Each structure stands twice: as C-alpha cells, then as structure tokens.
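Colleague: Could we go through the charged contacts in this model, and then look at a pocket and some backbone angles?
Modeller: Certainly; let us begin with the charged pairs.

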Amino acid sequence: MSNQTETPESPDTRDTHSVQADLVAVLLAVTNGEPRVLTTREGRTLPAGPFTAGHRSLQASLREWVESQTHHPLGYVEQLYTFPDHERSDALGMRAISISYLGLTRELDDSGVSQPGWQDWYRYFPWEDWRTGEPELVTQTILPRLREWSRGAADAALKKRRTQRVAVMFGLSDNEWNEELVLQRYELLFEAGLVEESRRYGIASARDVLLPGADMGHDHRRILATGMARLRAKIKYRPVVFELMPPEFSLLQLQQTVEALAGRGLHKQNFRRQIEQQALVEETGQIAAGTAGRPAKLYRFRRNVILERAMSGNKLPLARG
C-alpha cells in the first residue's frame, strides 16, 4: 500500500480534459407557406441550453428546456451533428462543443399567436430560395464573385478544383441544382470570403464584398444550414412534413409547405397525383372557409400511413415545376 498523497490536478491540467457542452436546437416550422426558424438574441443565435444530468438522454433534456421556453411541444426530433465551438472555447479557456438537434414544431400557438424569435430561414440563406426560379443574387453577384475567386487560385490545379466545386454547388455545366447541398454551398461561400463569418477567421474576398444574408453568432449559421439540408433530404423519403401541418389542410397548403422547405416550385398535377397514389391523405368532408375562387377540400394525414411509412419510407413528389 502506497503512502503517497495524491496531488490535486492543476487548473491547466483540468482544463485540458474539460469539455463544456451545449445542446443547440434547430426548431423549424412552416407558417403561411414560409419556412421559419426559432432564434434568440434578435435573430443572432439559435436556442441553446445545457444538458441536464437528471435526464435519461440528451434528447429528453432538449425537449424539456425547449418546450418550457417556447411552450410548443416538439414533434419529430433527431440529432444533427456535434460541432466544435471555437469562439466559446477561446472565451472559456476549455474545449466547447455544440450538440445540435433538428426539431419540428408549429410557430403559432392554439390562439394563432406567434411567439417572438421566429425568422424566415431565407433571411440567412437568400440564395437557397429557388421557388420562382434562379435568384438574381446567384446570377448577378454570387457566380461572378466565385469565378473571380477561382481565377485567383495559386495554381492551375487549385483553380480547376475551385471551378468544379462552383459548378457542382450551383448547378452549372452538366450539373443540376441540388437543394440538399445547403451546408456545402455555405462552406464554399465561407471559404471564398463572401459571408460575414469569414471575417472572424481573417478570410476576405478579393474585393472584400459580403453577400446579403444575416450572419449568426458562434457557428449557428452553419448549424442552421445543416438542419435545412437534413430536412430537405428527409422530406423526400420520410413523412416528417406531417409534423408541420395543421390537423386539416388543403392540398395547395401541403404543396406550398413542401415547396417552402425544398426551396423550389413543384408541378401541381404531378404533386397531387403522387400524393393520391401513395394514399398519404384522406378527405375530411369539410371545405376551406374564406378562400378566394373555387372552394378547396380539406384533408388530413392518415395516421396508420404515418406509422407504416416510418418503417418503409415514402417519397414526396419533388419533380421540377
């Protein structure tokens, strides 16, 4: 048996092995055909809170503090990614990480009132909204700046790689626009010095010109991009869009919700035909009140289909409009 007395760890040693973890919530809704994200600090950050040791899981902790703060029950929830938070690591003097989650909810409460903090997600990513075609921001500003960035590469090989990345990210040459590449496009613009967050890391474009689009604190715009990309992919094969709809809705409202999330227009007849073929909805026998033009039938999701599709998957019709 040793008589040696343990020496307490020095603060420096403890900090080396310490990790400060926050849960960051990407809470999404669709209101009046527009995609919305819940934010804090006047739109500068996403909701974040600590993991509480008394809960059985990270997700249980997330649900409790989110629902207590927003007074909205969360529907679908899944873990997104774990991000190192360099800004907070420097401030705390220890490693900080953000464990992010995607959650689907409703912006409006039962009385139809919206809580503060909800923002249109295209406020942060205006180049991602292709519902009415390719945005002028892409053709008139982004592509010229990215071509200039590509030409400024140090050598021919790097120039070729940059040119290829731009083509893939923005649907040039033989590539089609892929709405799921939200994060990759943001990271490309970050690397080219075209977003505000680039400046925090000393990256500037050749002309020091920044794109429209609100920046966010910490790594939160990158986390939001990850959530958007995940949901855009998910709605194609899982019935998660059901969580964003009211109990009764018209087929037009359903189409507008999918378009808002995907960021592009859909062919009306193709959309309705595939919805009917997959038997995802059923008529309620009610008609939408107060609508202009021809009265619209109201539908609801077939709950047994939701359970079935959760196992086998379904494909929403994201054909080009």
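Modeller: This is a predicted model. In it, glutamate 78 forms a salt bridge with arginine 230, and the closest N and O atoms are 2.2 Å apart. The pair links distant parts of the chain, since glutamate 78 belongs to strand β4 (residues 77-84) and arginine 230 to helix α8 (residues 220-234), 152 residues apart.

Colleague: Is glutamate 78 buried or exposed?

Modeller: Glutamate 78 counts as buried because its relative accessible area is 11%, under the 20% limit. Its partner, arginine 230, is partly exposed at 25% relative accessibility.

Colleague: How many salt bridges are there by this rule?

Modeller: The count comes to 18 salt bridges. One of them joins the side chains of glutamate 107 and arginine 36, at 2.9 Å from N to O. Glutamate 107 sits in the loop between β5 (95-104) and β6 (118-120) and arginine 36 in strand β2, so this pair ties together parts that are 71 residues apart in sequence. Glutamate 107 is buried, at 6% relative accessibility.

Colleague: And which parts does the pair of glutamate 187 and arginine 222 tie together?

Modeller: The side chains of glutamate 187 and arginine 222 meet in a salt bridge of 2.9 Å, N to O. Glutamate 187 lies in helix α6 (residues 182-191) and arginine 222 in helix α8, so the pair ties together parts 35 residues apart in sequence. Glutamate 187 is partly exposed at 29%, and arginine 222 is partly exposed at 23%.

Colleague: Which residues are linked in a network of salt bridges?

Modeller: Glu179, Glu180, Lys236 and Arg264 are linked in such a network.

Colleague: Turning to pockets, how much space lies in the second largest pocket?

Modeller: About 330 Å³. The elements that give two or more residues to its lining are α9 (251-262), α10 (268-277) and β8 (297-301). The largest share, 3 residues, comes from α10.

Colleague: What kinds of residues make up that lining?

Modeller: The lining divides into 5 nonpolar, 1 polar and 5 charged residues. Among the lining residues are Lys268, Arg272, Glu276 and Tyr299.

Colleague: Finally, the backbone. What is the phi of arginine 41?

Modeller: Arginine 41 has a positive phi of about 50°, although it is not a glycine. Arginine 41 is in the loop between β2 (34-38) and β3 (48-50) and counts as exposed, at 53% relative accessibility.

Colleague: And where is alanine 279?

Modeller: Alanine 279 is in the loop between α10 and β7 (281-287). Alanine 279 has a positive phi of about 55° although it is not a glycine, and it is partly exposed at 30% relative accessibility.

Key: Residues numbered from 1 in each chain as written. Predicted model: local features only at pLDDT ≥ 70, side-chain atom pairs only at ≥ 80, totals over all residues. Heavy atoms only, no water. 1 Å grid on protein atoms, 1.4 Å probe; cavity = no way out; pocket = protein on both sides within 12 Å on 5 of 7 lines; lining within 4 Å. Points joined across faces, edges and corners; volume = space filled by probe spheres on them. Helix = DSSP H or I, 4+ residues; strand = E, 2+ residues; numbered from the N terminus. Nonpolar A, V, L, I, M, F, W, Y, C, P; charged D, E, K, R; others polar. Buried < 20%, exposed > 50% of the residue type's maximum accessible area, 1.4 Å probe, protein only. Salt bridge = Lys/Arg side-chain N within 4 Å of Asp/Glu carboxyl O.
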